[in-house]
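Welcome! Take a moment to look over the sequence and the 3D structure, and then we will walk through the main parts together.

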Amino acid sequence: MATELATEQSSSNVSPSQTITLRVARINPNTDNEKKFMDFQIPVQKWTTVLEAILEAKKYFDHSIAVRYSCRQATCGSCGMVINGKPRLACFTKISELNSNVVTVEPMNNFPIIRDLTVGFDRMFANHKKVKPFMINDETEVTDRTKEHIQTPEELEKFIQFAGCIKCGLCNSACPTMTMDSSFVGPQALAQAYRYVADNRDKGKNDRLKVIDESHGIWRCHFAGSCSQVCPKGVDPAMGIQLLRGYLLGFNR
Ligand code: SF4
Ligand code: FES
């Protein structure tokens, strides 16, 4: 049975077939002023993910829990949420790695809540689009499709980790500047600006630098570094931001 009791948090390890308390934030911004938490007792194995536990609660206790997911393999970027206080992918986080018998799931910070665990990505995607996240090259081979844009391993190394971004928004959720300035372009978009600026095949560098060099742009970042700590794909947005600043200040070319 689902309960709304605030059970006391314990921190013992989860062993196979144990039951944990899954504490789910519930909120409908159209009718509620603040989040409430509902507790569900969920049996878990050592391989059970947080997403699987939420779906178990949805299936057996309360089908109205709102949660977004798709690939279940850390690829689509849909299932970001705050799990025991830290932004993580629910499909990529095993209950056993949390070392707690109480698992609290909440919507990501710095995003508008749609309902329960789901948030709106419109602003993040608008900022992403603003930095032109695609190759700009006026030598595009429209006529000669046999010509390749050859890169050396060193040239590829400059940006390849940034190409792994799955647009999950965990970095924006962790960013303290985003909390203070809702117009800040954010680490996700800045990391993608760097990904293309650093690509020697691209010719759109000046356009992108102009977009991020504005009042709510790159200079708002005060290098907390929390974006890089939470990225599930090994992207380092904080480093990308520093390297982009190098381009703006003329240290990088
Ligand atoms: S940089 Fe990492 S945390 Fe940020 S959106 Fe991309 S994959 Fe997610
Ligand atoms: S469901 Fe696709 S990243 Fe988690």
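## Around the ligand

Ligand 1 is surrounded by 13 residues, and those that come nearest are Cys165, Cys168, Cys171, Cys231 and Val235. Here a residue is near a molecule if its C-beta atom, placed from the backbone, lies within 6 Å of it. Two elements give two or more residues to this shell: helix H4 (170-174) and helix H6 (187-197). Helices (H or I, at least four residues) and strands (E, at least two) are DSSP runs, numbered from the N terminus.

Sorted by class, the shell around ligand 1 holds nine nonpolar, two polar and two charged residues. Ala, Val, Leu, Ile, Met, Phe, Trp, Tyr, Cys and Pro count as nonpolar, Asp, Glu, Lys and Arg as charged, and the others, Gly among them, as polar.

A word on what you are viewing: this is a predicted model, in which local features need pLDDT of at least 70, side-chain atom pairs count only at pLDDT 80 or more, and totals for chains, interfaces and linings use all residues. Residues are numbered from 1 along each chain as its sequence is written, while chains are lettered from A and ligands numbered from 1 in the order in which they are written.

## A covered helix

How many residues of H6 are buried? Eleven of its eleven residues are, including Leu190, Ala193 and Tyr194. Buried means that 20 or more other C-beta atoms lie within 10 Å of the residue's own, with C-beta atoms placed from the backbone. Among the elements covering the buried residues of H6 are helix H2 (122-130), H4, helix H7 (205-212), helix H8 (226-230) and helix H9 (237-249).

## The nonpolar core

The largest nonpolar core has 59 residues. Such a core is a set of buried Ala, Val, Leu, Ile, Met, Phe, Trp, Tyr and Cys residues joined through C-beta atoms within 7 Å. Leu22, Ala53, Ile54, Leu190, Ala193 and Leu244 have the most contacts inside this core, and H6 gives the most to it, with seven residues.

Leu22 touches Phe40, Ile42, Ala53, Ile54, Ala57 and Val103, leaving aside residues up to four places away in sequence. Contact means that two C-beta atoms, placed from the backbone, lie within 7 Å.

## Two domains

The chain is divided into domain 1 (18-119) and domain 2 (122-249), with bounds from an automatic or database domain assignment. Their C-alpha centres lie 29 Å apart. Domain 1 brings 15 residues to the contact and domain 2 brings 13. On the domain 1 side, E4 gives the most, with four residues.

Conventions
Buried ≥ 20, exposed ≤ 12 C-beta atoms within 10 Å, placed from the backbone.
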